[in-house]
Amino acid sequence: MDDIKFDFDEAANLVLETLKKEEIDSLGLGHSKSAVSALGAVIDYLKEVQKKDEIDAPADIDFFDKEEYMKLDISARRNLELTKSMMNGEKRHSLLWVVDKTKTAMGKRMIRSWIERPLMSVNQITKRQNAIGELADNPMKRDKIRNSLAGISDIERLTSRIAYGTANAKELKALQNTLKRLPEIKNEVAESASALLKDIEKNIDLLSDVEELIDKAIVDEPPFTLREGGMIKQGYNNEIDSLHEIMADGSGVLAQIEAEEREKTGIPKLKVGYNRVFGYYIEVTNLYKDLVPENYIRKQTLTNGERFITQELKELESKIIGAKDRAIALEYEVFCAVRQQVGNEVDRLHSTAKALASLDVLASFAEVAVNNNYVCPQINTNGVIDIKDGRHPVVETLLNGAPFVPNDTVLDKGENRCAIITGPNMAGKSTYMRQIALIVLLAQVGSFVPAKSANISIVDAIFTRVGASDDLATGQSTFMVEMNEVSTILKNATENSLIILDEIGRGTSTFDGMSIARAVLEFVCKKKTLGAKSLFATHYHELTAMEGMLDGVKNYSIAVKKRGDDITFLRRIVKGGADESFGIEVAKLAGVPDSVVKRAKVILKELEQNKIDIKFKAEDAVVEEEENDIQFNFSINGKNEIIEILKTIDVNTLTPIEAMQTLYDLKKKSEEL
């Protein structure tokens, strides 16, 4: 559109005129001139395409402030599979697929909206949590609400069609049937303890006047089309009723007229008949010609009599012949008037629809929380994310009851800002990182989360760099796509963001990739540059040396059990970096032919004998000035060594024989003290 359409003064005047307001500030647009200009341009556009000088004023204006919601860019939405799977683009296997147990179309739209716009306000999150908690703790109340919602039509869509004059009689009847169920739902939400459920109960307008109007006006089983009649209920409009009577009993009306005329004229053989040429007529034989009244108009002379018409008969003829057409036209007029009356209550309908959708979403989250053993997370603003036994909501669901290996997570703004995670492919690094992001996101949506306990700090954004492929449409290689995503993250993230970086630098040569990975890691972790909470998965084991060089970095790895050439992924996150990549073993698991696997081992041995040892030096690390006195020598012995072993060992991953061996080693070390 032309720039003039976005002129603030022009737009402001148009907005005030259309919405019938006196002050722009009363619209709650956050003092945003851009929002006013955009709204003015939209109104101008609607006038143009609808060919109207005035448009119907919207029921409400919602202003979306970026400070109110967590930022989720396209990459984060795609990589976290919030509403659709990356595999096939369908809802199945997405987060939405797991948590959407809503019963209404309105609820399905709202739960998607909530997932795509997590909240930033602790107060609003807590209100949702309290409502979900109340429904989770009251299964009978929850079941009654969900059962009642199951029969609710899409009030939002119906209201839009009614407001724009496109709804048919069946849709009005569907609205009426939904309105009949509102007292039951309102009663079930009544006496709720949580503030949000109280608000919902207050905003459910029963709209009994609208329900009664539709019930009186529209038949129970109306036709789909509006131009065939049969829509208006008997007793609503007298003229339509009389037309229907004429159509249903035309011969009876004629017989009645015939009897009346015989009585008035005293002509016993008087007959009322019809033919296509003259229409309806009165026939009198020659024997009674002298008794014909003056108001009879001669129309035709016969051999043994004459035919006449009267004004009353002409009116009846007009009524009977045109009754069907007139009835259809009149029914359409009456229906449009009824539809307009209902359309005048758009604001009330929208308010009720929004309340029902919110109730549906809250009940859905409560149902999922109970069935999937989710807990209510604590929300804080101090930068700490502390998750005990966290689980991936989608992967857990796909296991169909098989146990999911849970893992803990600690991230903060201090010593645990960045977690470097190493381990082989397929071991579960990506699953672990995504589950943390999804738990944080669900917490800020207001939902319960898959964990034993969770204390979640508000994050202003979640950024992800997970996987990449060539973008053939724009001619960008895998590496270019990767670097574009990294660039976006580094430019837009803040210290309050959560960043997930998976295999940075793998799209180029080893040395280039490792250099980029380390530089990105330093930038993200350093307080002077960013200092954001981040999870950094990598195959560059050399980066694990950063734990001793850069404040806030901690090493973690996926526990793997190796027996000969066979490996088992234990899915447990343990402290410390991985010693091996297990790439060849993973290839074997994937079904690569034995001959190729054996050849790979030979080549690997040759490379290891001739490899260049890549080590990061402590003095090369870019560290905070105030942290220059950190000691990088972590060698320990004696008692400290025993303590360190006990701290790092994960008893859940030990076989009985390994446990015995570990105990033996510890006893031997203790004897040496």
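**Close-up views of a predicted model**

**View 1. A salt bridge between R391 and E396.** At a relative accessibility of 10%, R391 counts as buried, and its partner in the salt bridge is E396, with the closest N and O atoms 2.4 Å apart. E396 has a relative accessibility of 19% and therefore also counts as buried, since the cut-off for that class is under 20% relative accessible area. Elsewhere in this predicted model, salt bridges that share partners join K173, D215, D220 and K233 into one network.

**View 2. A salt bridge that links helices α8 and α9.** The structure holds 33 salt bridges, and one of them is formed by the side chains of R161 and E171, at a distance of 2.7 Å from N to O. This pair connects distant parts of the chain, with R161 placed in helix α8 (residues 155-163) and E171 in helix α9 (residues 169-179), ten residues apart. R161 is partly exposed, because its relative accessibility is 34%. Side chains of opposite charge can pair when their charged atoms come close.

**View 3. The salt bridge of E333 and R326.** The side chains of E333 and R326 meet at 3.9 Å, taken from N to O, where the cut-off for a salt bridge is within 4 Å. Both partners can be placed by their accessibility: E333 is partly exposed with a relative accessible area of 47%, and R326 is likewise counted as partly exposed, at 33% relative accessibility.

**View 4. A negative patch on the surface, formed by four glutamates.** The residues that make up this patch are E260, E263, E312 and E315. Helices α14 (250-265) and α15 (311-343) each supply at least two residues of the patch, and E312 is one of the residues found in helix α15. With 37% relative accessibility, E312 counts as partly exposed.

**View 5. A nonpolar surface patch that includes F6.** M1, F6, Y45 and V49 come together here as a nonpolar patch on the surface, and their accessible area together is about 390 Å². F6 belongs to the segment before α1 (8-19), and its relative accessible area of 38% makes this residue partly exposed.

**View 6. Strand β11, with its covered residues and its two partner strands.** Strand β11, which spans residues 461-465, is mostly covered, and five of its five residues are buried. In a regular strand the side chains alternate between the two faces of the sheet. In β11, A461, F463 and R465 point one way, whereas I462 and T464 point the other way, and all are buried. Strand β1 (residues 71-72) pairs with β11 in the parallel sense over two bridges, and within this pairing K71 has A461 of β11 as its bridge partner. Strand β12 (residues 498-502) also runs parallel to β11, to which it is joined by four bridges, and the bridge partner of F463 in β12 is I499.

**View 7. T488 of helix α19 and R465 of strand β11.** T488 has its place in helix α19, which covers residues 478-492, and this threonine counts as partly exposed at 34% relative accessibility, whereas R465, in β11, is buried. The two residues are 23 residues apart in sequence, and their C-alpha atoms are 9.9 Å apart in space.

Technical notes. Residues numbered from 1 in each chain as written. Predicted model: local features only at pLDDT ≥ 70, side-chain atom pairs only at ≥ 80, totals over all residues. Heavy atoms only, no water. Patch = residues over 30% accessible without salt bridge, like charges linked within 9 Å, V, L, I, M, F, W, Y side chains within 5 Å. Areas by Shrake-Rupley, 256 points an atom, 1.4 Å probe, with all protein chains shown as cover. Lys, Arg positive; Asp, Glu negative; His and termini not counted. Charge placed at Lys NZ, Arg CZ, Asp CG, Glu CD. Buried < 20%, exposed > 50% of the residue type's maximum accessible area, 1.4 Å probe, protein only. Pairing = 2+ DSSP bridges.
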